[in-house]
Amino acid sequence: LQLVGVTAMLLASKYEEIYAPEVRDFVYITDRAYNREQILAMESAMLSTLQFNLTCPTQLHFINRYIKASRVADDHGKLKYLVRYYVERTLQEFSMLKYLPSMVAAS
């Protein structure tokens, strides 16, 4: 269980951090209960099990892309904030779950 937890932390840090910790840091965290090869083997197994699908696209991903593609003059960012507000409001509505994130962002 500790190996799974440390490997999940390694994956999360690689995904989120700009400067991710090295594998030897996680070997140290486990007090050398697992070596580098075991952690990397578990990382490979976890990624294969997840089929490398670590996240799913959200409305925010699509909004940023649509705003950039539209080339709208938005000097103070008010349009971007307004669009994000409306999209965040849809996240609170149960009835909006039936729509894909790309459809919500496009609307």
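Search the whole structure for aromatic pairs and 2 turn up; to count, rings of Phe, Tyr or Trp (its six-membered ring) need centres within 6.5 Å. In one pair, the rings of Phe 62 and Tyr 66 have centres 6.2 Å apart and planes at 35°, so this pair is tilted, the label for anything that is neither stacked (under 30 degrees) nor edge-to-face (over 60).

Before going on, a word about the model: it is predicted, with local features needing pLDDT of at least 70 and side-chain atom pairs counting only at pLDDT 80 or more, while totals for chains, interfaces and linings use all residues. Residues are numbered from 1 along each chain as its sequence is written, and side-chain values use heavy atoms, leaving out hydrogens and water.

Back to our two rings. Phe 62 and Tyr 66 both sit in helix α4, 4 residues apart, or about one turn of the helix. Helices here are DSSP runs (H or I, at least four residues) numbered from the N terminus. Phe 62 has a relative accessible area of 22%, so it is partly exposed, and Tyr 66, at 33%, is partly exposed too. That label covers what falls between buried (under 20%) and exposed (over 50%), using a 1.4 Å probe and protein chains only.

Tyr 66 also helps line the largest pocket, along with residues including Ile 63, Leu 82, Tyr 86 and Val 104. A pocket is an open set of points on a 1 Å grid over the protein atoms alone, where a 1.4 Å probe fits, with protein on both sides within 12 Å along at least five of seven lines; lining residues have an atom within 4 Å of a point. This one holds about 210 Å³ of space, the volume being what probe spheres set on the points fill. Helices α4 (59-70), α5 (78-91) and α6 (101-106) each give the lining at least two residues, and α5 has the largest share, with 5. The lining counts 10 nonpolar residues, 2 polar and no charged.

Now for the largest nonpolar core: 7 residues, namely Leu 3, Val 6, Leu 10, Val 23, Phe 26, Val 27 and Ile 39. Both α1 (2-16) and α2 (23-29) supply at least two of them. Such a core is a set of buried nonpolar residues (Ala, Val, Leu, Ile, Met, Phe, Trp, Tyr and Cys) joined through side-chain atoms within 4.5 Å.

Last stop, Gln 92, in the loop between α5 and α6. Gln 92 has a relative accessible area of 55%, so it is exposed.

Technical notes
Nonpolar A, V, L, I, M, F, W, Y, C, P; charged D, E, K, R; others polar.
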